[in-house]
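Hello,

Here is the structure I promised to pass on to you. Please open it alongside this message, and I will walk you through what turned up.

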Amino acid sequence: MSPRILIVEAVTSVPMDIEPRLNFLGFEVVGVTSSRQEAPALASTLRPDLVLIGLRLPNDEEGIVAAEQLRRHCRLPVVFVAAPAEGATAQPPKAAEAYGCICAPFGDRELKTVIELALAKHRAEEAASASEHRYRLLLNSVTDYLYTVEIRNGQPDSTTHGGGCVAVTGYTPEDYAANGYLWFEMIHPDDRKTVLQHAQ
């Protein structure tokens, strides 16, 4: 199935011939709109795989807001299309969380590459998110005392804990998140030196 693309135009930002070029490259354009305010609702209805959105760099608040909404509420990858006058080195603000930015004029190969890389990155992130979700479900279903700490350079870098750990220790999930050294208090004083030596 061809990747489905929604085009969100901005004045002078999206080349007029981009829709037939996308079709020629094997993509399916499911919709074109000039309203960036309506883009999230339209994306929810059309369910595209990716959104191309015109952006007037460097300060296009409307485009940035639309991109953030598409990413956070619709979980869609966004690629910005910038107008020629904005320069080949222009980059969208990091806050927009775009998967790429392509500046006109651009060739078909460049356009296809940017879109395919954005789609691949999005698929990888979704797979990682699903894996993390399954891990959390499994962790929370364990009733035994389960608590893991990742040590990096002698310091606690991250922790995970199950519901049984919370029940046994009396600490809340918020306590664990706020204090990376709670694990140390759970170790018998005679064993703390040995644990620290192995953590280095």
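**The pocket**

Let me start with the largest pocket, which has a volume of about 240 Å³. Please keep in mind throughout that this is a predicted model.

Eleven names are worth marking in your viewer, in chain order. The lining of the largest pocket is made up of Pro-3, Ala-43, Ser-44, Arg-47, Pro-48, Asp-49, Cys-74, Leu-76, Leu-119, His-122 and Arg-123. By class, that lining has 6 nonpolar, 2 polar and 3 charged residues.

Which helix gives the largest share of the lining of the largest pocket? That is helix 4, with 3 residues. Helix 4 covers residues 108–141, and helix 2 covers 39–46; each of these two supplies at least two residues of the lining.

**The chain as a whole**

Stepping back for a moment, the secondary structure of the protein chain comes to 8 helices and 7 strands. The chain has 200 residues, of which 38% count as buried. Its accessible surface comes to about 11,800 Å², and carbon and sulfur atoms account for 53% of that. If you look at contacts between residues at least 6 apart in sequence, 58% of them join residues at least 24 apart.

**The strands**

Now follow the strands, beginning with strand 1 (residues 4–8). Strand 1 is largely enclosed by the rest of the structure, because 4 of its 5 residues are buried. With strand 2 (residues 28–33), strand 1 pairs in the parallel sense over 5 bridges. You can find that pairing at Ile-5, which stands opposite Val-29 in strand 2. Strand 1 also pairs with strand 3, again in the parallel sense, over 4 bridges. There, Leu-6 has Val-51 of strand 3 as its bridge partner.

Strand 3 (residues 50–55) leads on to strand 4, since those two pair in the parallel sense over 5 bridges. Here the residue to look for is Leu-52, which stands opposite Val-79 in strand 4. From strand 4 you can carry on to strand 5 (residues 100–103), where the pairing is parallel too and runs over 4 bridges. In this case Phe-80 stands opposite Cys-101 in strand 5.

How many of the residues of strand 4 (residues 78–82) are buried? The count is 5 of 5, so strand 4 is mostly covered. Both of its faces are covered: one side carries Val-78, Phe-80 and Ala-82, and the other carries Val-79 and Val-81, all of them buried.

**A glycine to look at**

One last stop is Gly-63, which sits in helix 3 (residues 61–72). Is Gly-63 buried or exposed? Gly-63 has a relative accessible area of 0%, and therefore counts as buried. Leaving aside its neighbours within four places in sequence, Gly-63 is in contact with Arg-36, Ile-53, Leu-55 and Phe-80. Phe-80 is the residue you met above opposite Cys-101. For a sense of distance, the C-alpha atoms of Gly-63 and Ser-35 are separated by 10.0 Å, and the two residues are 28 apart along the chain.

I hope you enjoy exploring it.

Best wishes

Key:
Residues are numbered from 1 along each chain as its sequence is written. This is a predicted model: local features need pLDDT of at least 70, side-chain atom pairs count only at pLDDT 80 or more; totals for chains, interfaces and linings use all residues. Side-chain values use heavy atoms; hydrogens and water are left out. On a 1 Å grid over the protein atoms alone, a cavity is a set of points where a 1.4 Å probe fits but cannot get out, and a pocket is an open set with protein on both sides within 12 Å along at least five of seven lines; lining residues have an atom within 4 Å of a point. Grid points are joined across faces, edges and corners, and a volume is the space filled by probe spheres set on the points. Ala, Val, Leu, Ile, Met, Phe, Trp, Tyr, Cys and Pro count as nonpolar, Asp, Glu, Lys and Arg as charged, and the others, Gly among them, as polar. Buried means under 20% relative accessible area, exposed over 50%, partly exposed in between (1.4 Å probe, protein chains only). Two strands pair if DSSP finds at least two bridges between them. Contact means heavy atoms within 4.5 Å. Accessible areas come from the Shrake-Rupley method with a 1.4 Å probe; for residues, only the protein chains shown count as cover.
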